[in-house]
Amino acid sequence: MKLPRQLRDGHQKAIAKLFEKLTYRHSRWTVWSDFVLMAACTLSLLDVEHREERIQMHNNAAAKYNAAEMDDFRDMFEEIVQTLEDNPNQDFLGELFMALELSNEAVGQFFTPYSVCAMIAKMQCVDIVEKVKEKGYISVNDPAVGAGALLIAFANECRAQGVNYQNHILFVAQDIDYVAAMMCYIQLSLLGCAGYVIVGNTLTTPPTEPLSNQNVWYTPMYYCDLWQWRRIFKALSVLQRPRAEEAEAAEVAPLPAKADEQVQLTLF
């Protein structure tokens, strides 16, 4: 079996081998998209509102595969968990996606190398410690997130500067490509980032639109006690505003960030 080129380490090689094994009965794109969807659905079960829907999505994808193939999918997922635990300073799925030659080059889908994202994050994090001390938490947004490299780099830069990103950074991601968004969701979830990933067009449905009208995937860390209390306090502060401001606030997402509280990450 000829494996894809540019595989960086043993974890990528192990997943690539299992992946190619699974493509004998299904197309490469079907296998990969089903894999990331099933993994994302499994990680999103704390979202009670969407739990039944996500279980059904998982089961619909799993129905295409036999027991042995599902074991291979579980082994692939375990490799992802292990590699991000060993080295969180990487865009593992984005690199692997490109190495497996799954990107849609016809529409210009090229994921930014992690080293470039790390440089951008370092430039954006110049005063991150002061902002966190002043505000308690800030949000960071990537409107065309891909597999999440910029947000992952931002999280790692915060950690390098002594900021606990799990407690002090709200991650907001959006991408029009469903598979890319699911890869981002998996990585943010496994790295313990609190926030959500929106599947949709940022230009037509920005994250300031009501989230109830969008395809939103909340990370497990978003449901921890700390962020639960912050949402409660934010709701209480909205109730105390004058009615004119309250009407405006009803149209924004949970835990919205004011302009001076938000870091916007983008390559545009």
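User: Why is Asp47 called buried?

Analyst: The relative accessibility of Asp47 is 3%. Buried means under 20% relative accessible area, exposed over 50%, and partly exposed in between (1.4 Å probe, protein chains only), so Asp47 counts as buried. The model is predicted: local features need pLDDT of at least 70 and side-chain atom pairs count only at pLDDT 80 or more, while totals for chains, interfaces and linings use all residues. Residues are numbered from 1 along each chain as its sequence is written, and side-chain values use heavy atoms, with hydrogens and water left out.

User: What makes the pairing of Asp47 and Arg54 a salt bridge?

Analyst: The term requires a side-chain nitrogen of Lys or Arg within 4 Å of a carboxyl oxygen of Asp or Glu. The N to O distance between Asp47 and Arg54 is 3.9 Å, so the pair qualifies. Arg54 is also buried, at 1% relative accessibility. As a general matter, side chains of opposite charge can pair when their charged atoms come close.

User: How many salt bridges does the structure hold, and what is the distance for Glu20 and Arg28?

Analyst: There are nine salt bridges. Between Glu20 and Arg28 the closest N and O atoms are 2.5 Å apart, which satisfies the criterion. The two residues fall into separate exposure classes: Glu20 is buried at 11%, whereas Arg28 has a relative accessible area of 30% and is therefore partly exposed.

User: Where do Arg74 and Asp71 lie relative to each other, and what makes their contact a salt bridge?

Analyst: They are three residues apart in helix α4 (residues 67-86), which means that about one helical turn separates them. Their closest N and O atoms are 2.5 Å apart, so Arg74 and Asp71 form a salt bridge. Arg74, at 45% relative accessibility, is partly exposed, and Asp71, at 38%, is partly exposed as well.

User: How do you know what span to expect of helix α1?

Analyst: Helices are DSSP runs of H or I with at least four residues, numbered from the N terminus. The expected span is 1.5 Å times one less than the number of residues. For α1 (residues 10-22), with 13 residues, this gives 18 Å, and the end C-alpha atoms are 19 Å apart, which agrees. At the start of α1, a side-chain oxygen of Asp9 lies within 3.2 Å of the backbone nitrogen of His11.

User: Which residues of α1 are buried, and what do they pack against?

Analyst: His11, Gln12, Ile15, Ala16, Leu18, Phe19, Glu20 and Leu22 are buried. They pack against α2 (28-43), α4 and α5 (92-99).

User: Why is α10 called mostly covered?

Analyst: In α10, 11 of the 13 residues are buried, among them Val179, Met182, Tyr185 and Leu188. The helix comprises residues 178-190 and reaches 18 Å from its first C-alpha to its last, close to the 18 Å expected. At its N-terminal end, Asp177 acts as a cap, with a side-chain oxygen 3.0 Å from the backbone nitrogen of Val179. Gly192 follows α10 and has a positive phi, near 75°.

User: What makes the approach of Asn89 to Asn156 a polar contact?

Analyst: A polar contact is a pair of N or O atoms within 3.5 Å; within protein, one must be able to donate a hydrogen and the other to accept it, and residues adjacent in sequence count only if both atoms are side-chain atoms. The side chains of Asn89 and Asn156 are 3.3 Å apart, so they meet the limit. The two residues are 67 apart in sequence, yet 6.3 Å apart in space, C-alpha to C-alpha. Asn89 lies in the loop between α4 and α5 and is partly exposed at 40%, whereas Asn156 belongs to helix α8 (residues 149-160) and is buried at 8%.

User: Which other side chains make polar contacts with Asn89 and Asn156?

Analyst: Asn89 joins Tyr114 at 2.5 Å, and Asn156 joins Arg159 at 2.5 Å. Leaving aside neighbours within four places in sequence, Asn156 is in contact (heavy atoms within 4.5 Å) with Pro88, Asn89, Gln90 and Tyr114.

User: Which residues make the nonpolar surface patch of about 430 Å²?

Analyst: Trp229, Ile232, Phe233 and Leu236 make it, and Trp229 is found in helix α11 (residues 225-239). Patch members must have over 30% relative accessible area and no salt bridge, with nonpolar side chains joined within 5 Å and like charges within 9 Å.

Terms used. Helix = DSSP H or I, 4+ residues; strand = E, 2+ residues; numbered from the N terminus. Areas by Shrake-Rupley, 256 points an atom, 1.4 Å probe, with all protein chains shown as cover.
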